[in-house]
Amino acid sequence: MNEEFLKKNIVLIGMSGAGKSTVGKYIGQKLNMEFIDTDDMIIESTGKTIDRIFEEHGEEFFRFLESDLIKRIYLLERKVIATGGGIILNSNNIQLLKEKGVLFFLSAKVDTLLKNLLSGLCTDDRRPLLKNAQNLHETIRNLYISRKNKYLSSADYIIDVDEKPFNLVGDEIISIFKSLSSCS
Ligand code: S3P
């Protein structure tokens, strides 16, 4: 086992509804690594929901909080980090996360994202960009098109999540991570 590699973080990137938090918690439990979620940390540190941050201060301020958080956490070791869908919008976030982590892009079709999101979206106070969409499919699609290249170029590994239960996705990531630890 490569000792240095055992300290690495597993970082999950991808669109809302790709399953980053669910998969991240599963991986954390299986590998006995602490799970952290950047949205949860922003909510905790500001005492405000993400909806409220967007409403009161705008998206730009949320992106500032997100980047500020990454600067504070990227040096942590052996964490599973679920990131907000827009983390890739700032290349500095990605550069920092890569210093200490392996980045897995949970890649999903728009239909899969939509299906996963539909159950909770009405009561969701974490996804202001999707909440008031007239046509949710179209909104997700447009957001995805505008971001896809950034997800792809940021990722160390691309994991297809369509039609797969979250534990299978998690096991796939664990297996890649373990193989990196043993051969590098
Ligand atoms: C966002 C995704 C959300 C949250 C915020 C902005 C985005 O996180 O960070 O609403 O820009 O895609 P999830 O990806 O966990 O839904």
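The legends below describe close-up views of a predicted model.

**View 1. The surroundings of Lys48, a residue of the loop between helix H3 (38-46) and helix H4 (50-57).**
The side chain of Lys48 makes a polar contact of 3.0 Å with the side chain of His57, and His57 is also one of the residues that Lys48 touches when residues up to four places away in sequence are not counted. On that count, the other residues touched by Lys48 are Ile43, Ile53 and Glu56.

**View 2. Phe61 and Phe64, a stacked aromatic pair in helix H5 (residues 59-73).**
Of aromatic pairs, 5 are found in a search of the whole structure. One of them is formed by Phe61 and Phe64, whose ring centres are 5.9 Å apart and whose planes lie at 25° to each other, and it counts as stacked because the angle between the planes is under 30 degrees. The two residues are 3 residues apart in helix H5, and therefore about one helical turn separates Phe61 from Phe64. Phe61 has a relative accessibility of 32% and is classed as partly exposed; Phe64, with a relative accessible area of 49%, is likewise partly exposed, since the class of exposed residues begins over 50%.

**View 3. Phe105 and Tyr151, a stacked aromatic pair that links distant parts of the chain.**
The ring centres of Phe105 and Tyr151 are 5.0 Å apart and their planes are at 10°, so this pair is stacked. Phe105 belongs to strand S4 (residues 101-107) and Tyr151 to helix H9 (residues 136-154), and the two residues are 46 residues apart. What is the relative accessible area of Phe105? The value for Phe105 is 1%, so this residue is buried, and Tyr151 is buried as well, with a relative accessible area of 0%.

**View 4. The largest pocket, with a volume of about 720 Å³.**
The lining of the largest pocket is made up of 42 residues, and those that lie nearest its centre are Met15, Ser16, Gly17, Lys20 and Arg127. Helix H2 (residues 20-31) gives the most to this lining, contributing 5 residues. When the lining residues are sorted by character, 17 are nonpolar, 11 are polar and 14 are charged.

**View 5. Arg127, one of the residues nearest the centre of the largest pocket.**
Arg127 is placed in the loop between helix H7 (110-118) and helix H8, and its relative accessible area of 29% makes it partly exposed. Although Arg127 and Ile50 are 77 residues apart in sequence, their C-alpha atoms are 7.1 Å apart in space.

**View 6. Tyr74, in the loop between helix H5 and strand S3 (79-82).**
Is Tyr74 buried or exposed? With a relative accessibility of 15%, Tyr74 counts as buried, because the limit for that class is under 20%. Leaving aside residues up to four places away in sequence, Tyr74 touches Asn9, Leu96, Leu97, Glu99 and Lys100. Between Tyr74 and Asn93, which are 19 residues apart along the chain, the C-alpha separation is 8.9 Å.

**View 7. Arg78, a residue other than glycine with a positive phi value.**
The phi angle of Arg78 is near 50°, and this residue is located in the loop between helix H5 and strand S3. Arg78 is partly exposed, with a relative accessible area of 30%.

**View 8. Asn32, a residue other than glycine with a positive phi value.**
For Asn32, phi is near 55°, and the residue has its place in the loop between helix H2 and strand S2 (34-37). The relative accessible area of Asn32 is 69%, and the residue is therefore classed as exposed.

**View 9. Asn135, in the loop between helix H8 (128-131) and helix H9.**
Which backbone atom does the side chain of Asn135 reach? The side chain of Asn135 reaches the backbone nitrogen of His137, at a distance of 3.2 Å. With a relative accessibility of 40%, Asn135 counts as partly exposed.

Conventions:
Residues numbered from 1 in each chain as written. Predicted model: local features only at pLDDT ≥ 70, side-chain atom pairs only at ≥ 80, totals over all residues. Heavy atoms only, no water. Helix = DSSP H or I, 4+ residues; strand = E, 2+ residues; numbered from the N terminus. Polar contact = N/O pair within 3.5 Å; in protein donor to acceptor, adjacent residues only side chain to side chain. Contact = heavy atoms within 4.5 Å. Phe/Tyr/Trp six-rings, centres within 6.5 Å; stacked < 30°, edge-to-face > 60°. Buried < 20%, exposed > 50% of the residue type's maximum accessible area, 1.4 Å probe, protein only. 1 Å grid on protein atoms, 1.4 Å probe; cavity = no way out; pocket = protein on both sides within 12 Å on 5 of 7 lines; lining within 4 Å. Points joined across faces, edges and corners; volume = space filled by probe spheres on them. Nonpolar A, V, L, I, M, F, W, Y, C, P; charged D, E, K, R; others polar.
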